[in-house]
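Welcome to this short tour. Open your viewer, get your selection tool ready, and follow along one stop at a time.

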Amino acid sequence: MDTSGWTRVIRNASVASGAGSAAYGLIAPGAVAIAGEHIAWAGPDAELPARPPAGARVEDAKGALLTPGLIDCHTHLVWAGSRHREFEQRLAGASYADIAKAGGGIASTVKATRAANEDKLLALAVKRASRLVAEGVTTIEIKSGYGLDLANELKLLRAARAVGERLGITVRTTLLAAHAVPPEYQGRADDYIRCVCDEILPAAAAAGLADAVDAFCETIAFTPAQVERVFTRARELGLAVKLHAEQLSNQHGAALAARHNALSADHLEHVDEAGVRAMAASGTVAVLLPAAFYFLRETQLPPIELLHRHRVPIAIASDLNPGSAPIASLLLNLNMACTLFRMTPEETLAGVTRHAAAALGLAAERGSIEAGKIADLVLWDAEHPAELVAQYGMARPTRILRSGKDLS
Ligand code: DI6
Ligand code: FE
């Protein structure tokens, strides 16, 4: 074993590596060696050299659980305003779609978000993201989509990037200009899509502000033909795509996304077998969002069994947003994925590590504890990985490492 370059060793841990054939990739007692920003070695504690290299700091985890840094691969956490009135309206019987059609929903958040300056938005977003980070999340995808014009979409993407710098975590930004038709384009959705393709997408790409492009394919949002235009333009600009597909109805968005080699198709409650088969063929990750299902009191479950049968990797994310998922907890989503969707704790943990990394195009560098990957790691006041999922509000990180360094 080449131990030169080791800067840090965490030993005597219950290492849920997410790699190998054991459940959770568990190595217990296990050890992880770090060289600078990267994982240099992970394996059984007994295989560590008797004498660690000079200069390496060695820590005894005393049997505590060590996982990869968690990855929340779908959030909309930059917004202003509050939708608590809509919560009350929905409890009184109005549906999410009813509220959207009456000019509430996303449109009401757009109004408040346009009125907020970048500093205010950043402060709000940092507060929400820090809730996720406190749960061991070290990588967050953040979408725009509450600006819906050039200046405001770029404002959201800049705020999203700044969240990463402020909290010392990794942020991947996604341009979601095709989230809703803005008020000034009411009744002219095709014209708005032209503006997205001709102005917003090229400007976001040129400014290096977007890592990917997303759209909302739904009767209350954009048609498959409109999404097709956005995706075609995105790919011309060299940007990866992903899609809000089949959340409220089957628009065959998953198959459309797969045709464009999308990184992920998200929500998927109403996806059919053709859509799942297309995703399997293109390697598109299924991102399931239990909080939105729960919060909107949906009854159509995502077809877990179908996804399994076609071996589509499943990620779990918070969808953190003001309207359909105002829940700033990824761990609660893991519990809900088990209780509501009947997934196993092991599957859900893979869903916020390995498969979430794949949903962001980061599978080569993050999502598991393996030599060569970036040393984003979380030590917990728990011993077994299922504890993070089977109970809520109990296990907490005792230490978070991002790129090999303690996150302060
Ligand atoms: N689907 C959702 O669940 C979020 N966006 C989307 O396309 C909801 C966004 C909101 O209601 O503000
Ligand atoms: Fe979403």
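Start with the shell of residues around ligand 1: four of them are nonpolar, eight are polar and two are charged. Keep in mind as you explore that this is a predicted model.

Now select the residues that come nearest. Of the 14 residues around ligand 1, these are Arg 83, Tyr 96, Tyr 146, His 179 and Ser 324.

Next, show side chains and look at some polar atoms one by one. Pick Tyr 146: an N or O atom of its side chain lies 2.6 Å from an oxygen atom of ligand 1. Then move to Ser 324, where an N or O atom of the side chain is also 2.6 Å from an oxygen atom of the ligand. Finally, click on Gln 247, which has a polar side-chain atom 3.0 Å from a nitrogen atom of ligand 1.

How much of the surface of ligand 1 does the protein bury? Taken alone, ligand 1 exposes 320 Å², and the protein buries 100% of that. If your viewer can draw cavities, turn them on here: the space that ligand 1 takes up is the largest cavity.

For the last stop, leave the ligand and select Cys 195 and Cys 197. How many disulfides does the structure hold? The count is zero. Why is Cys 195 not bonded to Cys 197? The closest cysteine sulfur to that of Cys 195 is the one in Cys 197, and it is 9.2 Å away, which is too far for a bond; a disulfide needs the two sulfur atoms within 2.5 Å.

Are these two cysteines buried or exposed? Cys 195 counts as buried, with 10% relative accessibility. Cys 197 is buried too, and its relative accessible area is 7%. The cut-off to remember is that buried means under 20%.

Note on methods
Residues are numbered from 1 along each chain as its sequence is written. Chains are lettered from A and ligands numbered from 1 in the order in which they are written. This is a predicted model: local features need pLDDT of at least 70, side-chain atom pairs count only at pLDDT 80 or more; totals for chains, interfaces and linings use all residues. Side-chain values use heavy atoms; hydrogens and water are left out. Buried means under 20% relative accessible area, exposed over 50%, partly exposed in between (1.4 Å probe, protein chains only). A residue is near a molecule or strand if one of its heavy atoms lies within 4 Å of it. A polar contact is a pair of N or O atoms within 3.5 Å; within protein, one must be able to donate a hydrogen and the other to accept it, and residues adjacent in sequence count only if both atoms are side-chain atoms. Accessible areas come from the Shrake-Rupley method with a 1.4 Å probe; for residues, only the protein chains shown count as cover. On a 1 Å grid over the protein atoms alone, a cavity is a set of points where a 1.4 Å probe fits but cannot get out, and a pocket is an open set with protein on both sides within 12 Å along at least five of seven lines; lining residues have an atom within 4 Å of a point. A molecule sits in a cavity or pocket if more than half of its atoms lie within 2 Å of its grid points. Ala, Val, Leu, Ile, Met, Phe, Trp, Tyr, Cys and Pro count as nonpolar, Asp, Glu, Lys and Arg as charged, and the others, Gly among them, as polar.
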